[in-house]
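User: I should like to learn how to read the features of a structural model, one feature at a time. Where should such a reading begin?

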Amino acid sequence: QAAKAEIKQLAEQMRVLKKQVKELPPLVNEQVNEFPGQINEIQHGYRQLTTAHYVFTDDIPGMVADVEAKMKDANAALKSIDVEATEAANAEIEAEIDKMYAIMEKEMQAKKRVDVASPDLRRFIDHALRELQAELDHLNQSYTLNHHEIKTAKNLKMQLDAIDANYTKDTDAIEAGEAVYSDVIARFDETKEQLTAIEKQQVQINQDVAGLKKSEIIANTVN
């Protein structure tokens, strides 16, 4: 009976050893080659991006330091040949590294969008301001209106002035190397939606004024 138990124990030890022989090399490779290489790449990329005036709300150097501390813990688990603990530690490190890559990639993609969107948005704002100012001048000169057209147009002008000021604030921040590109593009997207809504209201004002002008002409003809 004792012999059977011993054989069973040896068999279990062999099974565990085979499992370790199979599973440990990839974990070793991650710790010895992959993770250090990725950390070096992240540090190099971060230095390049910050030199190019990218701004991050996340603390990349702090995240790198955290990963390096976790790598020491993972290495200790590896040396004790604790496969499960090593797998868990490596998975956590991998997730943190992926997060840092994603943060930097997000800002790079956002900058590309900002570079394209910025001049287009400037033209959109200028066009809306010109159109609205012309409409206000026309309303003030030509009509005594009771349908709130002038009030609506002045309110739109206030909105456009605020949009213009915010746009200038963002472009000034870009010029100063202080802009978080992902935040800027989010505001640009929102601004575009606001401008589209304002444009629709301008069209409505034009239609209302055209109707009033027609009514005025008819009234003058009758009189």
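**Surface, helices and core**

Analyst: One may begin with the surface. In this predicted model, the chain has an accessible surface of about 14,300 Å², and 53% of that area belongs to carbon and sulfur atoms. Of its 223 residues, 30% count as buried.

User: Which secondary-structure elements does the chain contain, and in what pattern along the sequence?

Analyst: The chain holds 5 helices and 0 strands, giving the pattern α-α-α-α-α. Among contacts between residues at least 6 apart in sequence, 81% join residues at least 24 apart.

User: How should a single helix be read, for instance α4?

Analyst: One compares its span with the expected rise. Helix α4 covers residues 149–175, and its 27 residues reach 39 Å from the first C-alpha to the last, close to the 39 Å expected at 1.5 Å a residue. Just after α4, Gly177 takes a positive phi of about 70°.

User: Which residues of α4 are buried?

Analyst: The general idea is that an α-helix has 3.6 residues a turn, so residues three or four places apart point the same way. In α4, the buried residues include Ala153, Leu156, Leu160, Ile163 and Tyr167.

User: Which residues touch the most other members of the largest nonpolar core?

Analyst: They are Ile97, Met100 and Leu195, in a core of 43 residues. Helices α1, α2, α3, α4 and α5 each supply at least two residues of this core, and α3 gives the most, with 16 residues. Leaving aside residues up to four places away in sequence, Ile97 touches Phe35, Gln38, Ile39, Ile42 and Val67.

Definitions and conventions
Residues numbered from 1 in each chain as written. Predicted model: local features only at pLDDT ≥ 70, side-chain atom pairs only at ≥ 80, totals over all residues. Heavy atoms only, no water. Helix = DSSP H or I, 4+ residues; strand = E, 2+ residues; numbered from the N terminus. Expected span 1.5 Å × (residues − 1). Buried < 20%, exposed > 50% of the residue type's maximum accessible area, 1.4 Å probe, protein only. Contact = heavy atoms within 4.5 Å. Areas by Shrake-Rupley, 256 points an atom, 1.4 Å probe, with all protein chains shown as cover. Core = buried A, V, L, I, M, F, W, Y, C linked by side-chain atoms within 4.5 Å.
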